[in-house]
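Open the model in your viewer and keep the sequence panel in sight. We will go from stop to stop, selecting as we go.

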Amino acid sequence: MDKYALKYPNKRILSTSITLFLGLSLLLIFIVSNLSDRWHQDQVIETTGQYIAFQYNLSNLLESGSTLLTGYEAYLKVNGTLADSQTDAYLSHLTEKEMHYIRNIGIIKDTTIIYNFPLEGNEASLGVDLATIDGQAEKVLMVK
């Protein structure tokens, strides 16, 4: 042993303790940093999965809505004009699974709403000429 260690034994214990403490502190910092990185990666993976699921569901919803409206349009073309009870029954059956995504389906003649499904809550829309409403006229005429 060196003469310094024999003369000051407490200082050697102190320096060993400080070195050990610093080593353990660095190890702890390393572990916490790795856990934090892993947590961040897990969050990114989870968010990415949620986005992919959302995108898939939105795509299916849009496709489903388009299919419903195409089916309804074909039904109208084949049958000509329908009695309200037939139209209501057809649309009710067509939208029974998807109605929580569709607020209403309307039929417009020229630029005026002549039919709305469901009628409940949409009564005031019947007879409204969309070409006379600011902000809608341009879009309605463009679609027409």
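**The whole chain**

Colour by secondary structure and follow the sequence: the pattern is α-α-α-β-β-α. That gives four helices and two strands. Helices (H or I, at least four residues) and strands (E, at least two) are DSSP runs, numbered from the N terminus.

This is a predicted model, where local features need pLDDT of at least 70, side-chain atom pairs count only at pLDDT 80 or more, and totals for chains, interfaces and linings use all residues. Residues are numbered from 1 along each chain as its sequence is written, and side-chain values use heavy atoms, with hydrogens and water left out.

Now colour by pLDDT, the predictor's confidence in each residue, from 0 to 100. The chain averages 79, and 88% of the residues score at least 70. Which elements have the lowest and the highest mean pLDDT? Helix H1 (residues 3-7) has the lowest, at 56, and E2 has the highest, at 84.

Show the surface. The chain exposes about 11800 Å², and carbon and sulfur atoms supply 62% of it. Accessible areas come from the Shrake-Rupley method with a 1.4 Å probe; for residues, only the protein chains shown count as cover. Buried means under 20% relative accessible area, exposed over 50%, partly exposed in between (1.4 Å probe, protein chains only). Buried residues make up 15% of the 144 residues.

**Stop 1: the core**

Select Leu68, Tyr72, Leu91, Ile102, Ile105, Ile107, Tyr115 and Phe117. These eight residues form the largest nonpolar core. H2, strand E1 (105-109) and strand E2 (112-117) each give two or more residues to this core. A nonpolar core is a set of buried Ala, Val, Leu, Ile, Met, Phe, Trp, Tyr and Cys residues joined through side-chain atoms within 4.5 Å.

**Stop 2: along helix H2**

Select Phe30, in helix H2 (residues 9-79). Phe30 is exposed, with a relative accessible area of 52%. Add Leu20, Leu24, Leu27, Ile31 and Leu35: with Phe30 they form a nonpolar patch on the surface, with about 620 Å² of accessible area together. Patches are made of residues with over 30% relative accessible area and no salt bridge; like charges are joined within 9 Å, nonpolar side chains (Val, Leu, Ile, Met, Phe, Trp, Tyr) within 5 Å.

Next, select Asp42 and Arg38. They form a salt bridge, with the closest N and O atoms 3.6 Å apart. A salt bridge is a side-chain nitrogen of Lys or Arg within 4 Å of a carboxyl oxygen of Asp or Glu. A search of the whole structure finds one. Asp42 and Arg38 are four residues apart in helix H2, so about one helical turn separates them. Asp42 is partly exposed, at 32% relative accessible area.

**Stop 3: the strands and beyond**

Select Lys109, in strand E1. Is Lys109 buried or exposed? At 59% relative accessibility, Lys109 counts as exposed. Add Lys144: the two C-alpha atoms are 9.7 Å apart, though the residues are 35 apart along the chain.

Move to Asp110, in the loop between E1 and E2. Its phi is near 60 degrees, a positive value in a residue other than glycine. Most residues other than glycine have a negative phi.

Finish at Leu126, in the loop between E2 and helix H4 (137-143). Leu126 is partly exposed, at 35% relative accessible area. Leaving aside neighbours within four places in sequence, Leu126 is in contact (heavy atoms within 4.5 Å) with Ile113, Ile114, Tyr115, Asn116 and Leu119.
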